[in-house]
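Got your viewer open? Let's take a short walk, one selection at a time.

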Amino acid sequence: METMQEIENQKQYIEKVRIQNEGKELKYYILTMGCQLNENDSEKICGMTEKMGYKLTEDYTQADLVIFNTCCVRENAEDRLFGKLGELKKVKEKRGTIIAIGGCMMQEKHITEKIHESYPYTDIIFGTHTLHKFPEDLYKILENKKKLQDVIDIDGNVYEGIPIKRTSNVKASVTIMYGCNNFCTYCIVPYVRGRERSRHPKDILEEVNLLAKEGYKEITLLGQNVNSYLRAEKWKEQGKEYKGINSFATLLKEISKIDGIERIRFISPHPKDFTDDVIDAIASSEKICKLIHLPLQSGSTNVLKTMNRKYSKEQYLELVEKMKAKIPNLTLSTDIIVGFAGETEEDFQDTLDVVKKVCFEQVYMFIYSRRVGTPGDKMENQVPEEIKHERFDRLKELVESQILKNNQKYVGTIQKVLVEGPSKNNPELLTGRTDSNKVVIFEGDLSLKDKIIELKIVSEHMWYLKGIII
Ligand code: 5AD
Ligand code: SF4
């Protein structure tokens, strides 16, 4: 109830700012860093901002309001943010642009301190738990021009009814849960996004039904740990359910029934929580894409233990075998961190071994980045940078050779492709994605945009396939 009241209050702030801005033709620029959850948050920031009378611009030098939605999973995002803030100084002096920074990085004290010290012209700093209060924060800045910081450190709430402006009209992200309780030792997320909490199934179903009505065909269910949906709320233990939903598997089943939604994806599940009912739900629904993202992080049981991942190399491989046996046409993608504290050459060989055995469709590879405040940062046996880079290059080589091999399997097959529109590199051609999320380029009429069509794959080219309409 309190959260509903809070959103009502924010709607009033939206209205106040809109009235102030009327007739001014104001523009805003937004830069989003990091994962799809952050992108979904940015869609909400854009939703609120546009209701307050700002129009999107791609050119920050023309903007009256600049918003950065930050990520802090790896260090490179910090350098990027500070670089951008430096560039903004002149724009601010010239136009009086309001600068607002939000997101995960703002939950870190050493970062906000640095912003106050080195970039004092920043107007608003807001965190992950105060995103919904952006209208109020902006109103206050417009009223009294005094910079403000609105960051709190709490377990977190779930807010419904924040306006949203989607970036696509055919594919949509739907966050189903927030936060993380796993505390993998390399990861900053549990410290900046709070504890696990799930949205009520009713709210999720309403959102997906609305998307279906609006013509959306593909949805991606998002969460830091999607397969612990409703776990913290203890719905199963308490015998609670809504339309038969009391877990991730039952949510998947219910969403699969919604007419109009033709493809369902989800990221990210945790291997330790990949229960049989989830495997069965995937196998029994035509709509659930058979590309599953299953973060490995490391192939070494020793490293997995220090990472606090709660599974071994063998358990991961057994899970993959079980999934392959039960889910026809299964393909897998994964995340791997190279060079975590204590990783030996032998450990790294285990990672290469798992990659060889599983033959992933796609591997997102990361060099371990020490994060202040995590147990990993305090471990003594850190791997030297040059070894991390050298291992990364070896992994990349293996992954690329596997992608080429995998791609060859597509040639000659018929694939269902969701057409996205003209290709960026060659606007004469159309581009779309297969169920397994591969990019396919082909000749065709623009009227095919947003439709799912069948294509025959005629050739493969590392990062894309070529197809013809059949
Ligand atoms: N260093 C490198 N990669 C990391 N990830 C999370 N934390 C770190 C870190 N400190 C990677 C993990 C995760 C993905 C989203 O980012 O692989 O799955
Ligand atoms: Fe980070 Fe692990 Fe939680 Fe994923 S599951 S957000 S890697 S702590």
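## Stop one: around the ligand

Start by selecting two strands, β13 (331-338) and β14 (362-367): each of them supplies at least two residues of the shell around ligand 1. Keep in mind as you go that this is a predicted model.

Next, show the whole shell. Pick Val73, Arg74, Tyr186, Gln297, Asp335, Ile337, Phe366, Ile367, Tyr368, Ser369 and Arg371, the residues around ligand 1. Try colouring them by class: you should get six nonpolar, two polar and three charged residues.

Now zoom in on some atoms. Which atom of ligand 1 lies 2.6 Å from a polar side-chain atom of glutamine 297? An oxygen atom of the ligand does. Click on aspartate 335 too, where a polar side-chain atom lies 2.6 Å from an oxygen atom of ligand 1. Then turn to serine 369 and show its backbone, since the side chain isn't what you want here: a polar backbone atom of serine 369 is 2.8 Å from a nitrogen atom of ligand 1. Switch on the surface as well: on its own, ligand 1 has 400 Å² of accessible area, and the protein covers 85% of that.

## Stop two: a serine in a loop

Leave the ligand and select serine 285, in the loop between α9 (276-284) and β12 (291-293). Is serine 285 buried or exposed? Its relative accessible area is 9%, which is under the 20% cut-off, so serine 285 counts as buried.

What does serine 285 touch? Setting aside neighbours within four places in sequence, it is in contact with Ser256 and Lys290. Draw a line between the side chains of serine 285 and serine 256, and you'll have marked a polar contact of 3.2 Å.

Technical notes: Residues numbered from 1 in each chain as written. Chains lettered and ligands numbered in written order. Predicted model: local features only at pLDDT ≥ 70, side-chain atom pairs only at ≥ 80, totals over all residues. Heavy atoms only, no water. Near = heavy atom within 4 Å. Polar contact = N/O pair within 3.5 Å; in protein donor to acceptor, adjacent residues only side chain to side chain. Areas by Shrake-Rupley, 256 points an atom, 1.4 Å probe, with all protein chains shown as cover. Helix = DSSP H or I, 4+ residues; strand = E, 2+ residues; numbered from the N terminus. Nonpolar A, V, L, I, M, F, W, Y, C, P; charged D, E, K, R; others polar. Buried < 20%, exposed > 50% of the residue type's maximum accessible area, 1.4 Å probe, protein only. Contact = heavy atoms within 4.5 Å.
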